[in-house]
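Colleague: Before I rely on the labels in this model, I would like to hear the reasoning behind them. Please take me through the ligand site and one helix.

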Amino acid sequence: MTAPAIRTAPVPVLEILGLRREVLRPGLPRQAAVFPEDGDPAAFHIASYEGDAPEVLGCGTFFPEPFPGPLPEPLSGPPADSAATAYRFRGMASAPAARGRGHGAAVLRAGTAEAAARGAALLWCNGRTPARGFYERQGFRAHGEEFVIEGVGPHLVFFREVRPRTRRTGDVAGRP
Ligand SMILES: CC(C)(COP(=O)(O)OP(=O)(O)OC[C@H]1O[C@@H](n2cnc3c(N)ncnc32)[C@H](O)[C@@H]1OP(=O)(O)O)[C@@H](O)C(=O)NCCC(=O)NCCS
């Protein structure tokens, strides 16, 4: 039997809070899964599903935020050196039972395409060090020194260039 197709969609934050909490803030109150950036009107949230099932199996949240510190090469030169062209993402998660089925990659692809359509030239995150292989597989590079986020563990900044482009029909679910 073939696996059901993964589909992604931009959704209100309420749709993804359950999965975000289960994976990234287990055992903590629901409020602990709410990020300050969720209130940013420029933020968008991507959910992934399988076939017609309503269950959210992957999620991520994307919003404009300058890259922390000097831009890495080759982004340090014009025309991509504007802070306005950087998008950050956080809250990347896939349901434990659905790992390795492409949800994380699908969410990142859809978020990258949407950020590009909004003019992003760079996408970055504070990523958990154990997820390094995942980010590198998606074309990200680690930047700078490892740092520890209290209560969560070791992290690295990951980034990748994005080609800003004009929005086309189907961008949110399409490939960057
Ligand atoms: C990291 C995470 C989002 C990956 O999601 P996923 O749905 O399992 O990822 P995918 O199935 O889309 O994997 C895409 C590719 O990355 C690889 N990959 C996934 N996780 C990996 C890891 N931790 N290390 C190395 N490679 C990894 C997969 O094997 C796959 O490779 P392929 O393209 O050769 O098939 C998921 O494991 C997760 O939610 N982890 C816990 C929370 C977390 O660490 N989130 C990131 C916080 S910064």
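**Ligand site and helix α1**

Modeller: This is a predicted model. The ligand is surrounded by 20 residues, and S94, G100, G102, A105 and R137 are the closest.

Colleague: What makes a residue count as near the ligand?

Modeller: One of its heavy atoms must lie within 4 Å of the ligand. The shell of 20 residues is the set around the ligand.

Colleague: Why is the pair formed by the side chain of R137 and the ligand called a polar contact?

Modeller: An N or O atom in the R137 side chain is 2.8 Å from a ligand oxygen atom. The cut-off for such a pair is 3.5 Å, so this is a polar contact. Two backbone contacts qualify by the same cut-off: S94 has a backbone N or O atom 2.9 Å from a ligand oxygen, and M92 has a polar backbone atom 2.9 Å from a ligand nitrogen. The ligand on its own has 910 Å² of accessible area, and the protein covers 68% of that.

Colleague: How do you know that the ligand sits in the largest pocket?

Modeller: Sitting in a pocket requires more than half of the ligand's atoms within 2 Å of the pocket's grid points. The ligand does sit in the largest pocket, so it passes that test.

Colleague: Which elements supply at least two residues each to the shell?

Modeller: They are α1, β4, α2 (103–117), β5 and α3 (132–137). The largest share, four residues, is from α3.

Colleague: Why are I16 and L17 of α1 called buried?

Modeller: Buried means under 20% relative accessible area, and I16, L17, L19, R20, V23 and L24 are the residues of α1 in that class. They pack against β1, β2, β3, β4 and β5.

How values were computed. Residues are numbered from 1 along each chain as its sequence is written. This is a predicted model: local features need pLDDT of at least 70, side-chain atom pairs count only at pLDDT 80 or more; totals for chains, interfaces and linings use all residues. Side-chain values use heavy atoms; hydrogens and water are left out. Buried means under 20% relative accessible area, exposed over 50%, partly exposed in between (1.4 Å probe, protein chains only). Contact means heavy atoms within 4.5 Å. A polar contact is a pair of N or O atoms within 3.5 Å; within protein, one must be able to donate a hydrogen and the other to accept it, and residues adjacent in sequence count only if both atoms are side-chain atoms. Accessible areas come from the Shrake-Rupley method with a 1.4 Å probe; for residues, only the protein chains shown count as cover. On a 1 Å grid over the protein atoms alone, a cavity is a set of points where a 1.4 Å probe fits but cannot get out, and a pocket is an open set with protein on both sides within 12 Å along at least five of seven lines; lining residues have an atom within 4 Å of a point.
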